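User: I'm new to this structure and would like a close look at a single part of it. Could you walk me through that part and then show me how the rest fits around it?

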Amino acid sequence: MNIEKLVKKLPTGFVDEAANLGDAELKAAVIQAEVNIREVERERDADEKLQGAKALVKDLGGPYRDAVGAQRAKIAYLMHLMEERGTLPASDTEE
């Protein structure tokens with residue numbers, strides 16, 4: 001975890017406030033943050049305009065996803081044929 005990047009996302013003054021919290025207060029703050037996330041997610045999921053936009057993007061993106069999927073299927077099949085024929089190059093990735 002890169003703490004510098006994390007701190008940049010925090011509200012101004014939060015680091016100092018959190019440093020002064022006791023153990024019980026830290027736990028309570030974590031729980032409150034989780035409650036806040038659930039509420040925001042509920043509001044997001046209930047946002048009809050957002051859900052409509054997501055559905056529109058999904059519909060409009062379908063042909064592109066299908067085209068990419070077809071090309072990936074071609075690649076997979078062609079690689080299968082090369083492997084069967086023994087002409088598939090060796091992998092150059094390290095494990």
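How many residues does helix 4 have, and how far does it reach from its first C-alpha to its last?

Analyst: Happy to. One thing up front: this is a predicted model, so read everything below as a description of that model.

Helix 4 covers residues 48–85, which gives it 38 residues. From its first C-alpha to its last it reaches 53 Å, close to the 56 Å expected at 1.5 Å a residue.

Now let's go along it from the start. There, Asp-47 has a side-chain oxygen that comes to within 3.0 Å of the backbone nitrogen of Lys-49. Further on, look for Gly-61: helix 4 has a kink of about 45 degrees at that residue. The proline Pro-63 follows shortly after the kink.

Keep going and you get to Ala-67, another residue of helix 4. Is Ala-67 buried or exposed? Neither, quite: it counts as partly exposed because its relative accessibility is 40%, and the cut-offs are under 20% for buried and over 50% for exposed. Ala-67 is also handy for getting a feel for distances. Val-30 sits 37 residues away from it along the chain, and the C-alpha atoms of the two are separated by 44 Å.

At the other end, helix 4 is followed by Gly-86, which has a positive phi, near 75 degrees. The segment after helix 4 is where you'll find Asp-92. With a relative accessible area of 74%, Asp-92 is exposed. Try another distance here: between the C-alpha atoms of Asp-92 and Lys-58 there are 36 Å, and the two residues are 34 apart along the chain.

So much for the part itself; here is what surrounds it. The chain has four helices and zero strands, so from the N terminus on its elements simply run α-α-α-α. Helix 3 takes up residues 23–46, and both Glu-39 and Arg-42 lie in it, three residues apart, or about one turn of the helix. Those two form a salt bridge, with their closest N and O atoms 3.2 Å apart. Arg-42 is exposed, at a relative accessible area of 52%, while Glu-39 counts as partly exposed at 37%.

Which other side chains meet in a salt bridge? Arg-44 and Asp-45 do, at 3.1 Å from N to O. Both partners are partly exposed: Arg-44 has a relative accessible area of 37%, and Asp-45 comes in at 45%. Altogether the structure holds two salt bridges. As background, side chains of opposite charge can pair when their charged atoms come close.

Finally, zoom out to the whole chain. Its radius of gyration is 25 Å, whereas a compact globule of 95 residues would have one near 12 Å. Along the principal axes, the C-alpha atoms fill a box of roughly 65 × 40 × 20 Å. Just 2% of the 95 residues count as buried. The accessible surface comes to about 9,000 Å², and carbon and sulfur atoms account for 59% of that.

Definitions and conventions
Residues numbered from 1 in each chain as written. Predicted model: local features only at pLDDT ≥ 70, side-chain atom pairs only at ≥ 80, totals over all residues. Heavy atoms only, no water. Helix = DSSP H or I, 4+ residues; strand = E, 2+ residues; numbered from the N terminus. Expected span 1.5 Å × (residues − 1). Bend = angle between axes of the 7 residues up to and from the residue. Polar contact = N/O pair within 3.5 Å; in protein donor to acceptor, adjacent residues only side chain to side chain. Rg over C-alpha atoms; globule rule 2.2 N^0.38 Å. Buried < 20%, exposed > 50% of the residue type's maximum accessible area, 1.4 Å probe, protein only. Areas by Shrake-Rupley, 256 points an atom, 1.4 Å probe, with all protein chains shown as cover. Salt bridge = Lys/Arg side-chain N within 4 Å of Asp/Glu carboxyl O.
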